[in-house]
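Got the viewer open? Here's a short tour, going from the whole chain down to a single side chain.

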Amino acid sequence: MMGKGIVYLVGAGPGDAKLITLRGLEYLKKSDVVVYDRLASPRLLAHMKPGAEKVYVGKLPDRHTMKQEEINQLLVDLALQGKVVTRLKGGDPTIFGRVGEEAGLLKENGISFEIVPGITSAIAVPAYAGIPVTHRDFASSLSIITGHESPDKLDRSIYWDKVTNATGTLIFLMGVAKIGYIANQLMKHGKLGTTPVALVRWGTRVEQQTVVGTLATIEQMVREANFQPPAVIVVGDVVLQREQLQWYESKPLFGTRVLVTRARAQASELADLVDELGGEPCEYPVIDIREPQEASAVATLRAALSEAEQYGWLMFTSVNGVEYFYRWLRRFGIDIRRFHKARIAAVGPRTAEALENRGLTVELLPAKFQAEGLLEQLADELQAGERVLLPRGDLAREVLPRELAAKGLLPTEIDVYETVLADTQDDQVLEWINEQQIHMITFTSSSTVTNLLEKLRRSGISDPVQAILDIPAISIGPLTSATMKEAGLRVAAEAEQATIPSLIDAMIKYRSAERT
């Protein structure tokens, strides 16, 4: 007989995927099913284990996807099937999250559950707008109030005279549509019309917007800005702190959702930098890096590496080349010291760093981070008849081996890794592309260009070039830019050097120019 499962009622935080707790993330990763709503960041779903099921039960202002009673029963039914379930709820599940109803039915059915607190939007969203909800000089208490109900329900659930005369900050959740009524009730019961008010929409997310006014002016300001839910309303003098404490909206990539097309294993550096600078990285790997699969390719690698003592040069053109070169040495049991006659050259500082981290000294690092630059730098060092080993990928350009051979050297190319089209799919990314919610695309190689277009095509987008043509695309260098242009894409900006930090600089400069 199948045993009962367990349900984790997890607070996902206010929107920024990194604001989930460690415990919440742990449970998310091990769940068989994740039941989520629209206030939980879609990026969190990327942490689900392979094969896990996701069920959307979110509510929209004009319709309810699933009634609360149905959600409660769904959790019970899934647990009775023996599944580990995470109910992912925006913010904190105990603050207007109806967790008591969900947990109550689970208890009635004898199903184990845990409530995992989350960071509530009531404090996090104002913080991201530069508004601390308490301040020694302005507010020593805090009231959190629901603002989602109709005026008559608000009047039954809120004691306006007591709320108005509270000494601290007032936080209304989900009250955008009732902002005029809320403001009028507060003024009617004694709040001055000059009391500062802020509305923060989609706080902590790339779409964050903030409107600041007073009780007397805020309804008109919200109407003129066409300000839509969801939003947090902050009432009180702490709102004045925003002028000097605003930090998130001042970041250089704030408001920018960036499509990161690198292989998943390589995407973290770029994604982390985008995140630190206020953007939202959207990882959509279009390439996978793997060892060659064919037996003949493996035999060729073994033969070339077995002649380690014969090489006068080892030339690396990528970090991947270094990583996979060492993988093959370990696999074949070949000691790196057998290459004692070889001098080492690298294209790019990251490739050199990868070698130095393994205790190897790079003799030459070209000013231009591509094969042509390496050849220029090596011009006086190369001697005809020297053997050169080139551990590279299967898509590497032929410039380096061709020019080395022309100079009388004996290059040996080995494909230590191969680049293939990533087979993962992400419906959220396709939705963002269709809704023009991707604000920038990064291309870090020619293969990311061709593979993104192919992956979009296989996802059902008949004209992928047209689908992304208006999204600013940032290239890591001239070779990638050339591939983009050949495909019919526009190059919004190009990195000065073929490095991730330089790519980030190009993104910042483009965004800054766009805003001025």
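**The whole fold first**

Among contacts between residues at least 6 apart in sequence, 69% join residues at least 24 apart. Bear in mind as you click around that this is a predicted model.

Stay zoomed out and show the cartoon: you'll see 20 helices and 22 strands. The C-alpha trace spans about 90 × 65 × 45 Å along its principal axes. Switch to a surface and you're looking at about 23900 Å² exposed, with carbon and sulfur atoms supplying 49% of it. Of the 516 residues, 51% count as buried.

**Two helices that cross**

Now select residues 295-305, which is helix 11, and residues 319-332, which is helix 12. How do their axes cross? They come within 11 Å and cross at roughly 85°, which makes helix 11 roughly perpendicular to helix 12.

Turn on side chains for the contact. From helix 11, pick Val298, Leu301, Arg302 and Leu305; they meet Phe325, Trp328, Leu329, Arg331 and Phe332 in helix 12. Colour that set by class and you get 7 nonpolar, no polar and 2 charged residues.

**One glutamate in a loop**

Next, jump to Glu207, in the loop between strand 10 (196-201) and strand 11 (209-214). Is Glu207 buried or exposed? Glu207 counts as buried, because its relative accessibility is 18% and the cut-off is under 20%.

To see what surrounds this side of the loop, add Arg201, Trp202, Arg257 and Gln437 to your selection: these are the residues Glu207 is in contact with, leaving aside its neighbours within four places in sequence.

How values were computed: Residues numbered from 1 in each chain as written. Predicted model: local features only at pLDDT ≥ 70, side-chain atom pairs only at ≥ 80, totals over all residues. Heavy atoms only, no water. Axes fitted to C-alpha atoms, helices over the stretch in contact; angles between N-to-C directions. Helix = DSSP H or I, 4+ residues; strand = E, 2+ residues; numbered from the N terminus. Parallel < 35°, antiparallel > 145°, perpendicular 65-115°, else oblique. Contact = heavy atoms within 4.5 Å. Nonpolar A, V, L, I, M, F, W, Y, C, P; charged D, E, K, R; others polar. Buried < 20%, exposed > 50% of the residue type's maximum accessible area, 1.4 Å probe, protein only. Areas by Shrake-Rupley, 256 points an atom, 1.4 Å probe, with all protein chains shown as cover.
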